[in-house]
Amino acid sequence: MGEGINDYTKNIVDLRRHMWMDGIEVELRRLIWQIAVVGKYISAKIHESNRKLAGFKNIYGEEQLALDRVTDDILKNKLQHSGFVSHYASEELEDIVAIGCGQEKYIVTADPLDGSSLVDTNLSIGTIIGIHNKSIFDSGRNSMVAALYITYGPLITMIYSAGKGAHEFVLDREGEYVLSEENIQLKEKGSIFSPGGLRRDWTAAHLKFIEKLEEDGYKLRYSGGFVPDINQVLIKKGGLFTYPALKKSPQGKLRLLFELQPMAFIMEQAGGLATDGKEDILSLKVTSVNQRAPIYIGSAAEVKMAGQFLSQ
Ligand code: AHG
Ligand code: MN
Ligand code: MN
């Protein structure tokens, strides 16, 4: 047998086996697996990528790429026939929609394609998923049971958590999601920061916080894609991503349901924190699907430091 093939067969733990070993309940395992499979379809779509504007705007008034809408359709159709999803809410739809017969166990929130404006630059983009077993119009702490994101980059990787740690899988040549890192754990502090928004729009308190990070020698890492920008904090085991309250938009830019809750769930499972500068993201009450919130997310030291600056 060729060099390495033996190791490969000996050590492979694929996604389904990992979830089974973790004792995740069967319907949730199957739902996470089905979403992981959709990631392959979305990746194929990106490669055919139709970068033309779809000629539509989403509820935020942002131009929708054809790819945003296509990936939303792919995801919704797959979930519609999964047998596990009663309702679906996505960044590309006006409101939450019933897609099952109403008896299914889970509600899925999605940012089907995050960072789609970066497709033409060939930078990494992603899919962000939240899985809830109660009404999403509550706090994430009460309703969320699992979260995952897929990064379409040089490798296709998927990070998921069902409340028993955060784990990374890489899609291999055979189309299998193979475990690459189990129970990712952040250090107390990191060395990178990812500051969203324009400097001139930051509040004075936020500007002072960022200047402190710069004085302390933190390296700036910002691609404009939430998924890869968060993923690097997780994989580098520390650091901070922020998209803050801005002078003209005190709720910042990012969407609480579709972007912030899933990443907060995963980051907390990895020993990190996620707040809006004051309150935990997962404690914030969701009152509307298009609710936004400022975000400070990453290793504990930096998130706590942000809170101190913002409370002055
Ligand atoms: P989406 O493509 O789903 O609309 O998300 C884009 C978001 C997020 O990916 C990123 O963190 C943020 O937009 C970047 O905003 P700026 O272009 O203002 O930096
Ligand atoms: Mn997004
Ligand atoms: Mn999006």
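**Exercise 1. Find the side chain that Arg255 contacts, and place Arg255 in the chain.**

Step 1. Start with the contact: the side chain of Arg255 makes a polar contact with the side chain of Glu91, at 3.5 Å. A polar contact here is a pair of N or O atoms within 3.5 Å; within protein, one must be able to donate a hydrogen and the other to accept it, and residues adjacent in sequence count only if both atoms are side-chain atoms.

Step 2. Now locate Arg255, which sits in the loop between β13 and α8 (256-269). Helices (H or I, at least four residues) and strands (E, at least two) are DSSP runs, numbered from the N terminus.

Step 3. Check its exposure: Arg255 is buried, at a relative accessible area of 5%. Buried means under 20% relative accessible area, exposed over 50%, and partly exposed in between (1.4 Å probe, protein chains only).

A word on the model: it is predicted, so local features need pLDDT of at least 70 and side-chain atom pairs count only at pLDDT 80 or more, while totals for chains, interfaces and linings use all residues. Residues are numbered from 1 along each chain as its sequence is written, chains are lettered from A and ligands numbered from 1 in the order in which they are written, and side-chain values use heavy atoms, with hydrogens and water left out.

**Exercise 2. Work out which residues hold the two manganese ions.**

Step 1. Take the manganese ion (ligand 3): its protein donors are Glu91 (OE), Asp111 (OD) and Leu113 (O), 2.2 to 2.3 Å away. Donors are N, O and S atoms within 2.8 Å of the metal (3.2 Å for Na, K and Ca); water is not among the atoms, so sites may look incomplete.

Step 2. Trace two of these donors along the chain: Glu91 is in the loop between β3 (85-90) and β4 (97-98), and Asp111 is in strand β5, 20 residues apart. Both Glu91 and Asp111 are buried.

Step 3. Turn to the manganese ion (ligand 2), which Asp111 (OD), Asp114 (OD) and Glu259 (OE) coordinate at 1.9 to 2.1 Å. Their sequence spacing reads D-x2-D-x144-E.

Step 4. Look for the link: Asp111 bridges the manganese ion (ligand 3) and the manganese ion (ligand 2), which lie 3.7 Å apart.

**Exercise 3. Describe the surroundings of ligand 1.**

Step 1. List the neighbours: there are 16 residues around ligand 1, and Glu91, Gly115, Tyr222, Tyr243 and Lys253 come nearest. A residue is near a molecule or strand if one of its heavy atoms lies within 4 Å of it.

Step 2. Pick out polar atoms: an oxygen atom of ligand 1 is 2.7 Å from an N or O atom in the side chain of Tyr243. A polar side-chain atom of Lys253 is 2.9 Å from an oxygen atom of ligand 1.

Step 3. Find the main supplier: β5 gives the largest share of the shell around ligand 1, three residues.

**Exercise 4. Examine two residues with positive phi.**

Step 1. Recall the background: most residues other than glycine have a negative phi.

Step 2. Asn183 has a phi near 50°, lies in the loop between β10 (177-181) and β11 (192-195), and is partly exposed at 43% relative accessibility.

Step 3. Lys237 has a positive phi of about 65° and is found in the loop between α7 (226-235) and β13. Lys237 is buried, with a relative accessible area of 18%.
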